[in-house]
Amino acid sequence: MASADIHTKSAPEDPWSTLMRAAQAGDAVAYKKLLGEIAPALTSFLRTRFFFRDHIEDVVQEILLAIHAARHTYRPEQPFRNWMYGIARHKMVDYLRKQGRQRDNEINDAELETFLADDANNPEEALSGKDIRQALTHLPDKQRQVLLLTKVEGYSMAEAGKKLGMSETATKVAAHRAYKKMREWLISYGYS
Amino acid sequence: MDTRELIDKLGDELAPVKPLAPAGRRALGLCLVCIIFVMAVIYALHGPRPDLMRALRSPFYLAQTVSMFLAGLLASIATIRLCVPDTKVRAPERVMLGAASAIWLFILSDTFGQVMKIGLAPPDHGDACVIGFSAMMTLPLAVVIRMMTKGAPVWRGWAGYAALLSIASFSATGMRVFCPNDAPEHLLVWHFLPVAVAALAGIALGRFLLKTRLAKI
């Protein structure tokens, strides 16, 4: 596996660098080929450094979105791998910080027991607005905003993305992750 | 959405982008903005100090002013280089930032030594210097933030530190040309300590600002 600090290939010999230059010029085929090739490399990079194995695909997607947003910052004189792994490392650290913050916000076992002992929180009952609001509070800011804009205020994905300074694709990915997290949270509270 | 699907979507929405200009050209642009704006502020206030020609004949004054200017140049180049993702802060940026910081540490400690030699005295009012120093930083600050957010710094704290050290160094150089007061306690409190404060605030600014939606990644 390529390590972030031992890349010795010079930029002109690196096929990824060539593909990236083509992508900067708008070549979609080269770009898809590049992303298709770097995704497995990023997966391997994360596997050796990342504790949350189940989240690797999420982080790879975050990295691909970041590479997409920052593709204009790549300069051919710089080794492509240094540039790519710089972004990968940054997104991995960001993800770990977010995970840490979310863990801090999680309800502990005692709180959960109290919550379930309360009849009002009987999981047999229909999904209430209160529970949905509660589930929303467990989402990261951006994901929560995406859901509120698209599901409550009725904006399209493109409009919500524009409001939040994200591309339509990034907004869809955020919404998808938000649904997944809300589902997991609600299931952990007994909803089927 | 799986990764393959995401790759297809990103490919479909791909638009050509103009790569960032070479680091040298961007650093030169930042330095020119700082120098021209600082000069404009000096002339907009009441012009350079009246004894400037005499002061320039003093080797100490000249060395100090040139050192501050050099610190600004080095920190500007480091700022621009730090705006491109990389796996670590590389040796050239470390050397440039280290040299700029060392210049300021030397200036601060030397001036503090002079103050101690003549005995601690409360510094005179430096309102005009604070206003001048802050005014000289306004446009360069906006420009450097724009440059940083146009790039994609992954070492946010370092980038913020370099950026603020750079523009504060140029402002302090301008203040030496503008303010005729050479008393060490005045220089220490109203000219040099603000540079240290600005540079340290830059770390927080970089970490905060480059985490918001202004940041590319």
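How many residues from chain B and from chain A does the contact take? The contact takes 36 residues from chain B and 46 residues from chain A, where contact means heavy atoms within 4.5 Å. Before going further, note that this is a predicted model, in which local features need pLDDT of at least 70 and side-chain atom pairs count only at pLDDT 80 or more, while totals for chains, interfaces and linings use all residues. Residues are numbered from 1 along each chain as its sequence is written, chains are lettered from A and ligands numbered from 1 in the order in which they are written, and side-chain values use heavy atoms, with hydrogens and water left out.

**Stop 1: chain B alone**

Select chain B, which has eight helices and zero strands; helices (H or I, at least four residues) and strands (E, at least two) are DSSP runs, numbered from the N terminus. Along its principal axes, the C-alpha trace of chain B spans about 70 × 30 × 25 Å.

**Stop 2: where the two chains meet**

Now show both chains together. The size of an interface is often given as the accessible area lost when the parts come together. Here chain B and chain A bury about 3,600 Å² between them, and 60% of that area is on carbon and sulfur atoms; buried area is the accessible area (1.4 Å probe) that two parts lose on being put together, summed over both.

Across this interface the rule finds two salt bridges, a salt bridge being a side-chain nitrogen of Lys or Arg within 4 Å of a carboxyl oxygen of Asp or Glu. To see one of them, select A:Lys32 and B:Asp12, whose closest N and O atoms are 2.9 Å apart. Helix α1 of chain B (residues 3-12) gives the most to the side of chain B that touches chain A, with nine residues. If you colour that side of chain B by residue type, its residues divide into 18 nonpolar, four polar and 14 charged. In this division Ala, Val, Leu, Ile, Met, Phe, Trp, Tyr, Cys and Pro count as nonpolar, Asp, Glu, Lys and Arg as charged, and the others, Gly among them, as polar.

**Stop 3: the two domains of chain A**

Hide chain B and colour chain A by its division into domain 1 (13-105) and domain 2 (109-188), bounds that come from an automatic or database domain assignment. The contact takes six residues from domain 1 of chain A and seven residues from domain 2 of chain A. The area buried between these domains is about 650 Å², of which carbon and sulfur atoms give 44%.

Between domain 1 and domain 2 of chain A the count is three residue pairs in polar contact, both residues being at pLDDT 80 or more. A polar contact is a pair of N or O atoms within 3.5 Å; within protein, one must be able to donate a hydrogen and the other to accept it, and residues adjacent in sequence count only if both atoms are side-chain atoms. On the side of domain 1 that touches domain 2, α3 (56-69) and α4 (80-105) of chain A each supply at least two residues, and α3 of chain A gives the most, with four residues.

The count of salt bridges between the two domains of chain A is two. Select A:Asp58 and A:Arg177, whose side chains meet in a salt bridge (3.6 Å, N to O).

**Stop 4: around A:Glu62**

Keep A:Arg177 in view and add A:Glu62, which is found in helix α3 of chain A. Leaving aside residues up to four places away in sequence, A:Glu62 touches A:Lys91 and A:Arg177. The side chains of A:Arg177 and A:Glu62 meet in a salt bridge (2.6 Å, N to O). This pair links distant parts of the chain, with A:Arg177 in helix α9 (residues 168-188) of chain A and A:Glu62 in helix α3 of chain A, 115 residues apart. Next add A:Tyr95, which is 33 residues from A:Glu62 along the chain, while their C-alpha atoms are separated by 8.8 Å.

**Stop 5: a pair of rings**

A search of the whole structure finds seven aromatic pairs over all chains. For one example, select A:Phe80 and A:Trp83, whose ring centres are 5.6 Å apart and whose planes are at 40 degrees, so the pair is tilted. Rings of Phe, Tyr and Trp (its six-membered ring) pair if their centres lie within 6.5 Å, and planes under 30 degrees apart count as stacked, over 60 as edge-to-face and the rest as tilted. Both A:Phe80 and A:Trp83 lie in helix α4 of chain A, three residues apart, about one turn of the helix.
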